[in-house]
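Here are a few friendly notes to read alongside the model. They start with one convention, then go through the overall picture and the helix packing.

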Amino acid sequence: MAASLVTLSKTQKIAGCVLANIGSETTSIIVFEDNIPVSMEVFPFGSNDVTNDIALGLKVSIEEAENIKMGTPKETYSKKKLDEIVVARLSDIFDLIEDHLTKIDRNGLLPAGIVLTGGGAGIANIEELAKAALRLPSKQSRLRFEGNLKGIARDFEWAVAYGLTVIGINGGETGIVDNTPGAFSGLKNTVLNWIKKFLP
């Protein structure tokens, strides 16, 4: 929710899109339509899984696997084998997203497509993989800074932190749905109900 404040435009939210935050341990998505968040889900796979797969597949350290994942390896490795490893894990993540979109009858039906954010959004060729797997337009997010910070950045992993800062500055008001009555409180209740599942 916080990341959507600084990565999605009102036009994207109205047309319909899914924001996928690929973190280190989890991937979370939020689906917008008519400028309202209509669904949210969290999956237990993240970019660390890609790193671990690379480390096992290429028999390298975790540190080097992270460098390889982000396109800054210290040595040269088989591109074919690397692509096979990365594509296999990202396909798992995109399959989960596709299953969720199918469940809510939005698969292939979001004109603004999928927007990728979080640290995992920097993985090479991720846009093309998402586009092929989900049959949707795909793009990496760009942070939309306001005021003195206005501009464009590629720091995908800072989207949530920046979004939370914006919420804090605005006294907790998100402005995410232009103050549509009940829209934010409805999603808040969904989040609270999801959290309650894990409480004793």
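1. A word on convention before the helix pairs: axes are lines fitted to C-alpha atoms, for helices over the stretch in contact, and angles run from 0 to 180 degrees between N-to-C directions. Please also keep in mind that this is a predicted model.

2. With that in hand, take H3 and H4 (residues 62–69): their axes lie 8 Å apart and meet at an angle of about 115°. Angles of 65 to 115 count as roughly perpendicular, and H3 and H4 are therefore roughly perpendicular to each other. The crossing of H3 past H4 is right-handed.

3. Which residues make this contact? On the H3 side they are Ser47, Asn48, Val50, Thr51, Asn52, Ile54, Ala55 and Leu58, and H4 contributes Ile62, Ala65, Glu66, Ile68 and Lys69. Sorted by class, the contact of H3 with H4 holds seven nonpolar, four polar and two charged residues.

4. H3 (residues 47–58) also packs on H5, at an angle of about 145° and with 9 Å between the axes. Here too the crossing is right-handed, H3 passing H5. From H3 come Asp49, Val50, Asp53, Ile54, Gly57 and Leu58; from H5 come Lys81, Leu82, Ile85, Val86, Arg89 and Leu90. That gives seven nonpolar residues, one polar and four charged in the contact of H3 with H5.

5. You may like to look at Val50, Ile54 and Leu58 of H3 in the viewer: they take part in the contact with H4 and in the contact with H5.

6. H5 (residues 79–103) has a further partner in H6 (residues 126–134), with an angle of about 45° and axes 10 Å apart. H5 and H6 are therefore oblique to each other. H5 passes H6 in a right-handed crossing.

7. What are the residues at this contact? H5 brings Val87, Leu90, Phe94, Ile97 and Glu98, while H6 brings Ile126, Leu129, Ala130, Ala133 and Leu134. Nine of the residues in the contact of H5 with H6 are nonpolar, none is polar and one is charged. Leu90 of H5 is worth a second look, since this residue also appears in the contact with H3.

8. Stepping back to the whole chain, the secondary structure consists of eight helices and seven strands. Of the 200 residues, 42% are buried. The exposed area is about 10700 Å², with carbon and sulfur atoms supplying 56% of it. Among contacts with a separation of 6 or more, 56% link residues 24 or more positions apart.

How values were computed: Residues are numbered from 1 along each chain as its sequence is written. This is a predicted model: local features need pLDDT of at least 70, side-chain atom pairs count only at pLDDT 80 or more; totals for chains, interfaces and linings use all residues. Side-chain values use heavy atoms; hydrogens and water are left out. Helices (H or I, at least four residues) and strands (E, at least two) are DSSP runs, numbered from the N terminus. Angles under 35 degrees count as roughly parallel, over 145 as roughly antiparallel, 65 to 115 as roughly perpendicular and the rest as oblique. A crossing is left-handed if the near helix is turned anticlockwise from the far one by less than a right angle, and right-handed if clockwise. Contact means heavy atoms within 4.5 Å. Ala, Val, Leu, Ile, Met, Phe, Trp, Tyr, Cys and Pro count as nonpolar, Asp, Glu, Lys and Arg as charged, and the others, Gly among them, as polar. Buried means under 20% relative accessible area, exposed over 50%, partly exposed in between (1.4 Å probe, protein chains only). Accessible areas come from the Shrake-Rupley method with a 1.4 Å probe; for residues, only the protein chains shown count as cover.
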